[in-house]
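I sat down with this one to look up a few things and jot them as I went. Here are my notes, in the order I worked.

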There are 2 protein chains.
Amino acid sequence: MTRISRSHPRYRSLVTRARLADDFRSGLVVPEGLIAHGRAEAFDYLLGERTTPSARRAIRHAADWLVAAKVPALSVNGNVAALAAPGVARLTRVLPSLRVEVNLFHRTPQRVYEVARRLRKVGVTEVLGLRPTQRIPGLPSNRARIDRRGIGSADVVVVPLEDGDRTAALKRIGKKVISIDLNPLSRTSVTADLPIIDELSRALTELARQIPAARRRHVRAFQPFDAEGTRGAALETISRRLAAAAGRRRIRAGPSRPVRRSALPPASRTGRPKRRTP
Amino acid sequence: MTRISRSHPRYRSLVTRARLADDFRSGLVVPEGLIAHGRAEAFDYLLGERTTPSARRAIRHAADWLVAAKVPALSVNGNVAALAAPGVARLTRVLPSLRVEVNLFHRTPQRVYEVARRLRKVGVTEVLGLRPTQRIPGLPSNRARIDRRGIGSADVVVVPLEDGDRTAALKRIGKKVISIDLNPLSRTSVTADLPIIDELSRALTELARQIPAARRRHVRAFQPFDAEGTRGAALETISRRLAAAAGRRRIRAGPSRPVRRSALPPASRTGRPKRRTP
């Protein structure tokens, strides 16, 4: 892995990036996955690299749906395995009914094997989707292949970092779709029944944390979710932060926490990295 | 190259992405370059995938500086060669004094060769930086290596898709730096004397178009540029577009063109691609 100085103002983001580039070299991540990660990085940066209050509410609601589900399933692609395999494992531990299924856009036997291996390594005991047994109608090629025991029989499907066509196809066959995607304007976020606009590993950690509370709430039915509202809140967060960064405060501060100026580099920063005593 | 339907609402962006993934397979582009492209894609999308009025003013000013320069130079890395080699060639045709220099963060002889080959193929006759003869002080490793005949002797340097450390180092050794970068908050955009916040191939096309007019203006000195103003305008454009997308119009419309709603997918879009008669 490339060596990155801990003193760099964007240390965490750079480490993730370097890790992903390594996973790419091993074949787990495809070139298109690296580009997709870059897009996500930009949105995370704009959102402040934290779980916003509205994302937290979406995650809480998602926990209710997952607990109420007869068969909850989680779709795992190369980027998901590379970025958040431990988060997937944590979620299966608190929600053992969750079916974890490998689903690859760029599917090769080697990549399926790599994803499954990564998941098992961190403690996911059963990985589905290795030999898909069913197809989603209306989707071309490999993207349509699903596992009858996993997404095939699920009533609620969590799709992190999913493409828009597949999200729409899952909805058409009657699944309730929970997406995890940093872009509030992506077709996935726009199509999902319950879009979580948050960084994947943060979102999975928070989701796992919320499952016991959801169980205590005993919610049996799927309470409707204001998807438009959560996307609007994310857009407004970004818009407000950018307006603040532009130094023009024409926008009224919203009800959520004030903008942390430190998250977006102030306009005067000249690029000198902060020093830390070692 | 992956086949992409012309009917896809984001056809152009997908073609660029696929081309970059191909150039990656040939070694021209590195994994980190793909991630960087993803970040840029997100910002281009947020800016409306067009040259904004303030970017156009920055480009016009950059043309003046390039014409006034004793020795203007342009730094070319893997992503620049992959995304905009024809734009670089076009600029050298209207500005023959421009020194084109290969500068790679992840430098290998093979990549230097690939970048030079790509440039020559589209008509750049002299490519510098193949055997760097000088170093920028205070920068570690390969990033510091420059060509005495190129960036080494230049008074104005154009750095498209550059990293922040290198931009700052070039300024420290007295160069006037013109950046081309879609992220108005990147350290490169914040550090450059004249940041052009625009997509690279659009910006280079416009820059080449502006050179003859700059020559007619006979500007001999480097007129000061309002870098803060251009970054602020970009932030405001994004902020305004997002606020519009969120359906909340709390922000007063700026003096520039009204938001084209079609550029950001409306919240109601369900993901069905538009049909075209073939």
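What follows is a set of short entries, from overall confidence down to single residues.

**Entry 1: how far to trust it**

I started with the scores, since this is a predicted model. The predictor gives the complex an ipTM of 0.81 and a pTM of 0.84. For chain A I noted an average pLDDT of 86, with 86% of the residues scoring at least 70. Then I marked two stretches of chain A where the pLDDT is below 50: residues 249–263, with 28 contacts beyond near neighbours in sequence, and residues 265–278, with 14 such contacts. I kept my local notes away from both.

**Entry 2: chain A overall**

I counted up the secondary structure of chain A and got 9 helices and 8 strands. Of its 278 residues, 59% count as buried. I also looked at contacts between residues at least 6 apart in sequence: in chain A, 64% of them join residues at least 24 apart. The accessible surface of chain A comes to about 12400 Å², and carbon and sulfur atoms hold 51% of that.

**Entry 3: helix α1 of chain A**

Next I picked helix α1 of chain A, residues 11–25. It has 15 residues and reaches 21 Å from first C-alpha to last, close to the 21 Å expected at 1.5 Å a residue.

Which residues of α1(A) are buried? I listed Ser13(A), Leu14(A), Arg17(A), Ala18(A), Leu20(A), Ala21(A), Asp23(A) and Phe24(A). I then asked what covers them. The cover includes α2, α4 and α5 of chain A, and chain B contributes its own α1 and α2. After the helix comes Gly27(A), with a positive phi near 95 degrees.

**Entry 4: salt bridges**

I ran the search over the whole structure and it found 36 salt bridges over all chains. I looked at a few one by one.

Still in α1(A), the side chains of Arg25(A) and Asp22(A) meet in a salt bridge at 3.1 Å, N to O. Why about one helical turn between them? Because Arg25(A) and Asp22(A) are 3 residues apart in helix α1 of chain A. Asp22(A) counts as partly exposed, at 26% relative accessibility.

Next I went to Asp165(A), which forms a salt bridge with Arg143(A), closest N and O atoms 3.6 Å apart. Asp165(A) lies in helix α6 of chain A and Arg143(A) in the loop between β4 and β5, so this pair ties together parts that are 22 residues apart in sequence. Asp165(A) is partly exposed at 25% relative accessibility, and Arg143(A) is buried, with a relative accessible area of 9%.

Over in chain B, I checked Arg209(B) and Glu206(B), whose closest N and O atoms are 3.1 Å apart in a salt bridge. Arg209(B) and Glu206(B) are 3 residues apart in helix α8 of chain B, so about one helical turn separates them. Buried or exposed, I wondered, for Arg209(B)? Arg209(B) is exposed, with a relative accessible area of 55%, while Glu206(B) is buried at 7%.

Then I followed shared partners. Salt bridges join Arg143(A), Asp163(A), Asp165(A) and Arg187(A) into one network.

**Entry 5: Arg202(B)**

I stayed with helix α8 of chain B, where Arg202(B) is also found. Arg202(B) has a relative accessible area of 17%, so it counts as buried under the 20% cut-off. What does Arg202(B) touch, not counting residues up to four places away in sequence? I wrote down Asp44(B), Glu49(B), Arg50(B) and Thr51(B). For Arg50(B) I also noted a distance: its backbone oxygen lies 3.4 Å from a polar atom of the Arg202(B) side chain.

**Entry 6: positive phi outside glycine**

Last, I looked at two residues of chain A with positive phi that are not glycine. Glu49(A) has a phi near 50 degrees. Glu49(A) sits in the loop between α2 and α3 of chain A, and is partly exposed, with a relative accessible area of 32%.

Where is His218(A) found? I placed His218(A) in the loop between α8 and α9 of chain A. Its phi is positive too, about 55 degrees. At 56% relative accessibility, His218(A) counts as exposed.

Definitions and conventions:
Residues are numbered from 1 along each chain as its sequence is written. Chains are lettered from A and ligands numbered from 1 in the order in which they are written. This is a predicted model: local features need pLDDT of at least 70, side-chain atom pairs count only at pLDDT 80 or more; totals for chains, interfaces and linings use all residues. Side-chain values use heavy atoms; hydrogens and water are left out. Helices (H or I, at least four residues) and strands (E, at least two) are DSSP runs, numbered from the N terminus. The expected span of a helix is 1.5 Å times one less than its number of residues. Buried means under 20% relative accessible area, exposed over 50%, partly exposed in between (1.4 Å probe, protein chains only). Contact means heavy atoms within 4.5 Å. A salt bridge is a side-chain nitrogen of Lys or Arg within 4 Å of a carboxyl oxygen of Asp or Glu. A polar contact is a pair of N or O atoms within 3.5 Å; within protein, one must be able to donate a hydrogen and the other to accept it, and residues adjacent in sequence count only if both atoms are side-chain atoms. pLDDT is the predictor's confidence in each residue, from 0 to 100. Accessible areas come from the Shrake-Rupley method with a 1.4 Å probe; for residues, only the protein chains shown count as cover.
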